[in-house]
Amino acid sequence: RKYEQALQLYKKALESGRVALGVMHPEVASTLNKMGNLYYEKGDFDSAICMYKEGLEVERAVLHCLHPNITVTLTNIGQIYKHRGDFTSALRLYREALSLQRQSLGENHPNVAATLSSIALIHYQSRCYSRALDLYQDALRMRRDAYGDVHLDVASTLNSIGLVLFKLGKHEMAMQSFCESLKIRRRLLGKDHRDVAIILYNIATIHLERGDEDEAMKCYEETLRVERAALGSDHGDVVLTLQHMAQVHQQRGEFDKALEQYHEALDIQKRNLPCDDVSIATTLNSIANVHLQSGNAGMVVETLSEATRILRQAGRSEDDLQLSGFHLYGFSILHPENAAAA
């Protein structure tokens, strides 16, 4: 309701502004962009992009060609295209914004670094990891020159570089970037901040890839502690970390510990999600797999029956369920006496 009230006020302001100032005026462009922001926050991306494009047309007519407002509007439109997965259109707009910034601010301005990071993210999402790495490294150099080594933007870029290096299989270099980012964030944010938990989670992933489950578990445990301190015990990030810890226990054959953490995650989901949420069925599926590995066929049937019921309520197929690599249908052929309830 607050969005609708705000939109009505903006529409009145737009109408009166056009009457008093004319359709091509900076204040009209400002109101159009504010409406675009509101639609974006509401999730109405079609309306948002219409407002931004209309605002951009006005800005180009009445402002200097290198005015920062034009750059902001270009990146706003690019962000919507990126959200839609139209990376070609997004890159075109971000590159135009980048060209304007370089002309008006210089090659090494922090705003240039921010736009480079946005372009790098598109390349990362497009799996063009080498190109993304080059851009992130350029952004890192600019941010260090502008802010020094101990700055949150530097830490964020180091984390992004770590993610790219991980995708490229350069795990040692990724670990170095994550650890440097962690050091900065702990210094500036304290040890109990959500962004610290994110880095710890990434470091745990590297340890798992190395096969070092003990170190991975230590990082997950610290991640969980920070998440609970920063976000509360019922947050979705807590669920995700519990599930990953359970997976490590499951790989080790520590089935009781795995079940304990899966059930803890499941309890949080049941308290905070609709009863037919598919993620609950996914956790139940994971629990069923642990029971299967531990030889408890009765609990496999009971758990999968609940998961199947949830999927059907959500309008999804029970084919989404898997048991240790077998689809549910395949398991029922192998073990007809343990087939899930219809």
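This is a short talk on a pocket, a buried threonine and the nonpolar cores of one structure.

Hi everyone, and thanks for coming. Before we look around, please keep in mind that this is a predicted model.

Let's begin with the empty space. Rolling a probe the size of a water molecule over the atoms shows where such space is left. In our model, the largest pocket holds about 180 Å³. What lines the largest pocket? You'll find Lys-82, Tyr-94, Ala-114, Ser-117, Ser-118, Leu-121, Tyr-136, Arg-143, Ser-156, Thr-157 and Ser-160 there. Two or more of these lining residues come from each of α6 (110-125), α7 (129-147) and α8 (152-167). Helix α6 gives the most, with four residues. By type, the lining has four nonpolar, five polar and two charged residues.

Now let's move to helix α2, residues 26-42, where we meet Thr-31. Is Thr-31 buried or exposed? Its relative accessibility is 12%, and buried means under 20%, so Thr-31 counts as buried. Who are its partners? Beyond the neighbours within four places in sequence, Thr-31 is in contact with Tyr-10, Ala-13 and Leu-14.

Finally, the nonpolar interior. The largest nonpolar core has 75 residues, and those touching the most other members are Leu-74, Ile-77, Leu-116, Ile-203 and Tyr-220. Let's follow Tyr-220 a little further. Setting aside neighbours within four places in sequence, Tyr-220 contacts Tyr-201, Ala-204, Thr-205, Leu-208, Thr-241, His-244, Met-245 and Val-248. Apart from this largest core there is another, made of 17 residues, including Ala-258, Leu-284, Val-290 and Ile-310.

That's our tour, and I'm happy to take questions.

How values were computed: Residues are numbered from 1 along each chain as its sequence is written. This is a predicted model: local features need pLDDT of at least 70, side-chain atom pairs count only at pLDDT 80 or more; totals for chains, interfaces and linings use all residues. Side-chain values use heavy atoms; hydrogens and water are left out. On a 1 Å grid over the protein atoms alone, a cavity is a set of points where a 1.4 Å probe fits but cannot get out, and a pocket is an open set with protein on both sides within 12 Å along at least five of seven lines; lining residues have an atom within 4 Å of a point. Grid points are joined across faces, edges and corners, and a volume is the space filled by probe spheres set on the points. Ala, Val, Leu, Ile, Met, Phe, Trp, Tyr, Cys and Pro count as nonpolar, Asp, Glu, Lys and Arg as charged, and the others, Gly among them, as polar. Buried means under 20% relative accessible area, exposed over 50%, partly exposed in between (1.4 Å probe, protein chains only). Contact means heavy atoms within 4.5 Å. A nonpolar core is a set of buried Ala, Val, Leu, Ile, Met, Phe, Trp, Tyr and Cys residues joined through side-chain atoms within 4.5 Å.
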